[in-house]
Amino acid sequence: MAITIKQLHPLYVGEISGVDLRHDLPQSDIDAIVAALDRYAVVVLHDQPIDDAQQIAFSARLGPLETTIKAYRPGHKLRLDAHISDVSNLDEESRLLALDDRRRMNGLGNRLWHTDSSFKPTPAKYSLLSARTIPPSGGETEFTDLRAAYDALPDSIKAQIDKRVAEHSILHSRSTIGFTDFSDEERARLPPVPQVLVRTHPGSGRKTLYLASHAGMIRGMPVPEGRLLLADLMEHATQREFVYRHHWRVGDLVIWDDRCTMHRARDFDASVPRDMHRTTVADVAPTLEQAREHELVTGA
Ligand code: OGA
Ligand code: MN
């Protein structure tokens, strides 16, 4: 079957047809999907009733997979394989989490605009989210195109943010919604990490903002000033013209390029299950290293 792509948003987002992810794909299909990600940043595949093993096998064709940070919590029982992030409101017995369950509180952080794993030294390259059970209404996922957002910035702001480095911490983003229940061990394991504020997206050669609610300060700036600049950039980057809202169907797989997009979950009724399984492909190196290498190669 030949792959076809339909653009879903004026700026980005492609719907891919013509693949069945339950089966091992030829390399030419993998290359076509990567090319679509380079161009569209977010790709939607409908009617992909995959299980976890099939999701892991396909995702691993795109690069090395992250393991979920939950897997590292001593004594924590996981519902799913350590290569799957459990993006659900269910416990290890697949029962609904209580409203005040710590896991649910932590998961609510996904409602903030972010890009995955920017709080890790080497962040995510791609995320693949598979819809297994969806609520009857709500629970959409919104995306924003950070390359288009960068292009639309005034030159004065582009000059101001060039070569700037932000510090990203999951403790910071969670603290903005009042979630601070991290153990000393977690605090020690999740220190703020530096990430460049502007990247060059390798697949398209385009410049992009690199932003997330995990970013709490900009190095070399007083904290309030850096935080306000980050807030201004967030406001700019999440204007409606850049946003695509995905209304899920069971069996959808959405893949996004974490290097040049942000996303957030939308609210839904907590008394109904929403079960989404995420695999995450790790990026090749910390963003400062990538930027240094890019400078060496291009002289830019
Ligand atoms: C994620 C995420 C949003 C959602 O899986 O990384 O942020 O809508 N999910 O569940
Ligand atoms: Mn996410």
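The lining of the largest pocket in this predicted model splits into 10 nonpolar, six polar and 10 charged residues. The space inside comes to about 580 Å³. In total 26 residues form that lining, and V198, R199, T200, A291 and H294 are the closest to the pocket centre.

Where does the lining come from? Three elements give two or more residues each: β9 (198–200), β10 (207–209) and α9 (287–298). Of these, α9 hands over the largest share, seven residues.

There's a second largest pocket too, with a volume of about 260 Å³. Helix α8 (residues 223–237) makes the largest contribution there, five residues. Here are the two pockets side by side:

| Pocket | Volume | Lining residues | Nearest the centre | Lining by class |
|---|---|---|---|---|
| Largest | about 580 Å³ | 26 residues | V198, R199, T200, A291, H294 | 10 nonpolar, six polar, 10 charged |
| Second largest | about 260 Å³ | 14 residues | H172, S213, A215, A231, M234 | nine nonpolar, four polar, one charged |

**Helix α9**

Since α9 matters to the largest pocket's lining as its biggest contributor, let's check its geometry. Its 12 residues should span 16 Å at 1.5 Å a residue, and because the end C-alpha atoms sit 16 Å apart, the model agrees with that expectation. Just past the helix, G299 adopts a positive phi of about 70°.

T287 belongs to α9 as well. Is T287 buried or exposed? Its relative accessible area is just 1%, so T287 counts as buried. The T287 side chain also has a partner: a polar contact of 2.6 Å connects it to the side chain of Q195.

**The manganese site**

Now for the metal. Which residues coordinate the manganese ion (ligand 2)? The donors are H114 through NE2, D116 through OD and H263 through NE2, at 2.1 to 2.2 Å. Along the sequence, these donor residues follow the spacing H-x1-D-x146-H. D116 and H263 therefore tie together distant parts of the chain, 147 residues apart: D116 sits in the loop between α3 (102–107) and β5 (124–133), while H263 is in strand β14 (residues 261–265). Both D116 and H263 are buried.

Conventions:
Residues are numbered from 1 along each chain as its sequence is written. Chains are lettered from A and ligands numbered from 1 in the order in which they are written. This is a predicted model: local features need pLDDT of at least 70, side-chain atom pairs count only at pLDDT 80 or more; totals for chains, interfaces and linings use all residues. Side-chain values use heavy atoms; hydrogens and water are left out. On a 1 Å grid over the protein atoms alone, a cavity is a set of points where a 1.4 Å probe fits but cannot get out, and a pocket is an open set with protein on both sides within 12 Å along at least five of seven lines; lining residues have an atom within 4 Å of a point. Grid points are joined across faces, edges and corners, and a volume is the space filled by probe spheres set on the points. Helices (H or I, at least four residues) and strands (E, at least two) are DSSP runs, numbered from the N terminus. Ala, Val, Leu, Ile, Met, Phe, Trp, Tyr, Cys and Pro count as nonpolar, Asp, Glu, Lys and Arg as charged, and the others, Gly among them, as polar. Donors are N, O and S atoms within 2.8 Å of the metal (3.2 Å for Na, K and Ca); water is not among the atoms, so sites may look incomplete. Buried means under 20% relative accessible area, exposed over 50%, partly exposed in between (1.4 Å probe, protein chains only). The expected span of a helix is 1.5 Å times one less than its number of residues. A polar contact is a pair of N or O atoms within 3.5 Å; within protein, one must be able to donate a hydrogen and the other to accept it, and residues adjacent in sequence count only if both atoms are side-chain atoms.
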